[in-house]
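Visitor: I would like to learn how to read strands, burial and charge pairs in a model. Can you take me through a case?

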Amino acid sequence: MATPVHRIAYPVALALIPLVLAVFYGAACDVWWPLVSVTVVGLPVVLWLRRTDEGIERRVCVLVLGDIGRSPRMQYHSLSLSQHGYDVTVVGFLDSKPHGDVLRDDRIHIVPVAEVKGIRVLKWCPCSFLPGGPKILTYVTKVIVQFVQLFVVLLLLKPQAHILMQNPPGLPGIAAAWLVCVLRGSRFIIDWHNYGYTVMALSLGHTHPLVRVAKWYEHVFGPLATHNLCVTNAMKDDLYQNWGIKATTLYDRPAAIFQETPLKTQHKLFQRLSHTHPVFRHSSEDDDEAVEATVFSVRDPAKDTVTLRPGRPALLVSSTSWTEDEDFSILLQALQEYEALIQRGASLPALVCVITGKGPQKEHYMKMIDSLSLRHVKICTPWLEAEDYPVLLGSADLGVCLHKSSSGLDLPMKVVDMFGCCLPVCAIHFSCLHELVKHEENGLIFRDCQQLAEQLRSLLLGFPNREGKLAVFRRNLRASRGQRWDDNWDQNVLPLMSSS
């Protein structure tokens, strides 16, 4: 395949600049040979980097400067690209297992990179007078090392038609990916999930020097992308008004795996979880020894039937990355109030609360959970395989979301997945949440633990009640099922790939 002119014209022009300078100024400045040498060495390097082959237009690199297994949207991108005949190379951290569909896809190849941890510096570092002491230099050193690592990894890949990158985290990934795209002639696409500097500000504050640098960095490198995607119309407007970036809104949509779970599949999941989490076990002398029982379900092997227990507890589910943008003390306080309501005689079911996920603040909240004295509310915090997570959501009675956007411009994907399973949600309020959660239609929006406790009471009163508000929300979700991820992607992203 012939190399398109645009793939070599710009870099060749850059490589020839030293030769032009040598012709006009070399003799006067005695720099003729150094400038000629730069051109002689640089031009072949640029031409080699811009080499092309028959398959380049069907190759895409998906870059995640985070854990691939906990980046569902980028996994969905990879699967959609593969379904349309693209060969996909996913570059990112491999801390947890990606979804089985990704691992089984012959067109998707994963290139793991190691996360660069903080590099210690000496106490007498000259930057110690800066706010935060030598931590700033430690962070800068980490960013530089990560930049070099990503730059080398991306440069050693086969030439790619596109690099599609998630942001955040984007420091230093955006700069590294952009530079490789310039050298290689690839198109650069940023998928804006949020703003990285607002996430940093949650722990450091908006006035911290690192936050200011991160904001400047995103403002400078963000507009250099060939195309931009974002997760809400609110973010699309903000990118254009404040950053000069024209983006395409690609709402998160549930993948086909997020469905209501059949009873037999529910029972199998509950049984597996009961081996490691006692809250799923049921031991009663009233049960027939011939049946298989969990706290939620009973299976009769003779008839091969599964039924839900009439007096079963309600199953409440939440998922989290245990980060600063989710305050789980709100849920824990609401659960304490729920316990108090039962003890005062309210006609409410016992509650099993399952909180899934990994993250930096999990240990902090586990200490809080262990300190609670609850008889009618049980809490467990399992880490689920990618295949089990949608099964759990499809088996639950109610979802809770405590994600509070650091920018106020992104939407929680966990709610999207819950809605895909027709699972009603209680979600904490922030500015653009209305684009997803319709109060009193598919869920409820709360602002504090008191409101959440009252919502739990109103939704679970008389549970299980086929005519209650919870059942109404579920019927509304069944009736208003929108686009799934595949159709949404085909409509909004595929044209960008094809037009390039």
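Guide: We will go through strand pairing, then a buried residue, then salt bridges. Keep in mind that this is a predicted model.

Visitor: Let us begin with strands. How many bridges join β8 to β9, and which way do the strands run?

Guide: Two bridges join them, and the strands run antiparallel. Strand β8 covers residues 292-293, and β9 covers residues 297-300. A hairpin of three residues links β8 to β9. Across the pair, Ala293 stands opposite Val298.

Visitor: What lies on the other side of the pairing, from β9 to β10?

Guide: Four bridges, again with antiparallel strands. Strand β10 spans residues 305-308. Val298 has Thr307 as its bridge partner there. Four residues sit between β9 and β10 in their hairpin. Look at Asp304 in that turn: its phi is positive, about 55 degrees.

Visitor: And the side chains of a strand?

Guide: The general idea: in a regular strand, side chains alternate between the two faces of the sheet.

Visitor: Now burial. Is Arg474 buried or exposed?

Guide: Buried means under 20% relative accessible area. Arg474 has 13%, so it counts as buried. Its place is helix α16, residues 469-479.

Visitor: Which residues does Arg474 touch, leaving out those up to four places away in sequence?

Guide: Glu260, Ala396, Asp397, Cys421, Cys422, Leu423 and Pro424.

Visitor: On to charges. How should I think about them?

Guide: Side chains of opposite charge can pair when their charged atoms come close. This structure holds 16 salt bridges.

Visitor: Where does Arg104 find Asp101 along helix α4?

Guide: Helix α4 covers residues 100-104, and the two are three residues apart, so about one helical turn separates them. Their side chains meet in a salt bridge of 2.8 Å, N to O. Arg104 is exposed at 58% relative accessible area. Asp101 is partly exposed at 33%.

Visitor: How far apart are the closest N and O atoms of Glu454 and Arg457?

Guide: They are 2.7 Å apart, in a salt bridge. Both residues lie in helix α15, residues 449-460, three residues apart, about one turn of the helix. Glu454 is partly exposed at 41% relative accessibility. Arg457 is partly exposed too, with 26%.

Visitor: Which residues join into one network through shared partners?

Guide: Lys264, Glu292, Arg299 and Asp304. Within it, Arg299 forms a salt bridge with Asp304, closest N and O atoms 3.1 Å apart. Asp304 is partly exposed, at 36%. This is the turn residue with the positive phi.

How values were computed
Residues numbered from 1 in each chain as written. Predicted model: local features only at pLDDT ≥ 70, side-chain atom pairs only at ≥ 80, totals over all residues. Heavy atoms only, no water. Pairing = 2+ DSSP bridges. Buried < 20%, exposed > 50% of the residue type's maximum accessible area, 1.4 Å probe, protein only. Contact = heavy atoms within 4.5 Å. Salt bridge = Lys/Arg side-chain N within 4 Å of Asp/Glu carboxyl O.
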